[in-house]
Amino acid sequence: MLAELYTPISANSTFISLHWRRTQGAFLPTCPFCGFVGKLTAEHVFGNWLSRIGLDLEPIAHGAGPLNRVGQDLGVRPPFRQTVRVCGGCNNGWMSRLEAVAARVLTPFILGEAGQIATEEAGAVAAWVQKTALTAMLVSSETQRSAGYGLPQSEYRGLTNARNDMQPLPASQFWVGRYTGASRFASTWVIPLTVTASELPEPDRPQGYAMTLVLGQLLLHGVRFTTPSLQVEVTTRQELPQLWPPAERVAWSSGMPVDDAAFLGFAAGKDLRSMERHIEVRPWKPATELPESRTVDGMVELPTACGKHVVYYPAGLVDEARRGRFYAFGTACECGTAYLVQTEPDGAHCKAANSVDVISELYESSPGKEVVLEDQHGMFTCKRLPEPSEH
């Protein structure tokens with residue numbers, strides 16, 4: 001649920017218990033990983049070593065929240081300062097060992113230097129990604145967690161119980177790639193996933209989750225199937241090299257890079273590709289999709305990610321989508337948040353939420369020819385996206 005800077009992450013999956021234990025009428029703090037009851041220590045979501053490798057440490061906006069809503073504002077402060085509470089045994093023990101491996105192996109890639117990850121180090125790096133994602137989820141408020149915003153407690157205990165293995169939980173896959181955008185400096189996303197046969201209805205609860213970390217130019221992506229019997233071998237649309245399970249030394253960076261325009265879909269698990277015929281792995285819609293739009297007086301009313309307002313676009317773009325012609329446009333709601341929206345075969349999707357300046361830059365840099373549509377409501381400016389053959 002945390003974004004170390006300002007990128008929200010979402011995991012509206014199964015209920016995670018509040019990490020407090022009631023004893024004789026009082027609530028005692030409990031380590032979410034091992035269950036220790038007593039005094040807890042501050043664990044950095046992103047290890048403090050990241051503040052010493054040469055990255056920009058100027059104060060920057062932090063935020064947290066689910067993907068399909070604008071998250072809560074956590075203020076402006078230097079990066080790599082966000083902490084959560086865990087016990088000293090976890091903090092100074094197995095977590096510290098994972099941080100040491102991550103610092104040694106990943107620092108060159110974060111700074112954009114090419115290199116390789118040895119197979120014997122892949123497990124610890126993948127476990128560090130999973131540990132970081134689980135830790136990030138603990139930034140959620142007590143209210144959010146009581147409403148079911150989180151991951152199963154078994155994920156925390158399982159990783160702790162396997163701490164001496166220095167590898168991620170079973171039924172996990174991880175990849176490594178390059179981030180070439182400019183609007184994310186360090187962020188963590190967690191998205192619930194479903195596994196279903198083609199054409200069947202979506203399950204009523206997720207069976208796994210996707211994890212995405214961005215640190216400088218380094219992109220780390222993983223999936224974990226919380227229902228092991230439903231584990232599916234997957235790959236990514238970008239053909240990123242697989243980090244775990246290891247097959248050979250991993251070269252960084254190969255595969256298609258991920259920029260700001262592609263990041264939301266990538267982090268939402270929409271670029272995962274099942275290797276099994278007729279089986280799909282996709283994001284769980286309640287966590288990633290906004291409520292359905294509706295047509296109002298010739299315009300489409302689109303709920304915005306803030307959860308409070310709506311914006312409008314011409315209904316003619318829906319007809320265009322039915323003909324295979326898709327468009328991108330920028331808009332903003334009453335609370336001042338701007339959005340980059342793109343029409344697709346299944347409707348309009350919010351591709352980014354940020355300030356007006358940032359969204360304007362993303363819109364200007366998006367491919368396609370700008371057009372002006374005119375109807376009884378006035379003029380509407382948007383870009384017609386190129387067809388695959390036009391790239």
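1. Start at Pro303. In this predicted model, Pro303 sits opposite Val310 of strand β20. The strands involved are β19, residues 299–303, and β20, and their pairing is antiparallel with five bridges.

2. That pair belongs to an open sheet. The sheet has three strands, ordered β18-β19-β20, and the pairing is antiparallel. At its edges lie β18 (294–296) and β20 (310–314), each paired on one side only. From one strand to the next, the twist averages 40°. As background, strands of a sheet pair through backbone hydrogen bonds, in either a parallel or an antiparallel sense.

3. Next, strand β10. This strand covers residues 186–197 and has two pairings to look at: one with β11, another with β17. With β11 (residues 208–215), β10 runs antiparallel and shares eight bridges. Leu193 and Gly208 of β11 stand opposite each other. With β17 (residues 279–283), the sense is again antiparallel, and five bridges join the two strands. Here Thr194 has Arg282 of β17 as its bridge partner.

4. Is β10 mostly covered or mostly open? Mostly covered: of its twelve residues, eleven are buried.

5. Now helix α3, residues 119–137. Does its length agree or disagree with the expected span? With 19 residues at 1.5 Å a residue, α3 should span 27 Å. The C-alpha atoms at its ends are 28 Å apart, so the two values agree.

6. The surroundings of α3 are worth a look too. Buried here means under 20% relative accessible area. By that cut-off, 17 of the 19 residues of α3 are buried, so the helix is largely enclosed by the rest of the structure.

7. The largest nonpolar core has 56 residues. Which of them touch the most other members? They are Phe33, Leu50, Leu106, Ile110 and Trp128. Helix α3 supplies eleven residues, the largest share of this core.

8. A second core of 28 residues is separate from that one. Among its members are Trp175, Ile191, Leu264 and Ile359.

9. Back to Leu50, one of the residues with the most core neighbours. What does Leu50 contact once neighbours within four places in sequence are left aside? Its contacts are Leu55, Phe80, Ile110 and Leu215. Of these, Ile110 is also listed among the residues of the largest core that touch the most other members.

Key. Residues numbered from 1 in each chain as written. Predicted model: local features only at pLDDT ≥ 70, side-chain atom pairs only at ≥ 80, totals over all residues. Heavy atoms only, no water. Pairing = 2+ DSSP bridges. Helix = DSSP H or I, 4+ residues; strand = E, 2+ residues; numbered from the N terminus. Axes fitted to C-alpha atoms, helices over the stretch in contact; angles between N-to-C directions. Expected span 1.5 Å × (residues − 1). Buried < 20%, exposed > 50% of the residue type's maximum accessible area, 1.4 Å probe, protein only. Core = buried A, V, L, I, M, F, W, Y, C linked by side-chain atoms within 4.5 Å. Contact = heavy atoms within 4.5 Å.
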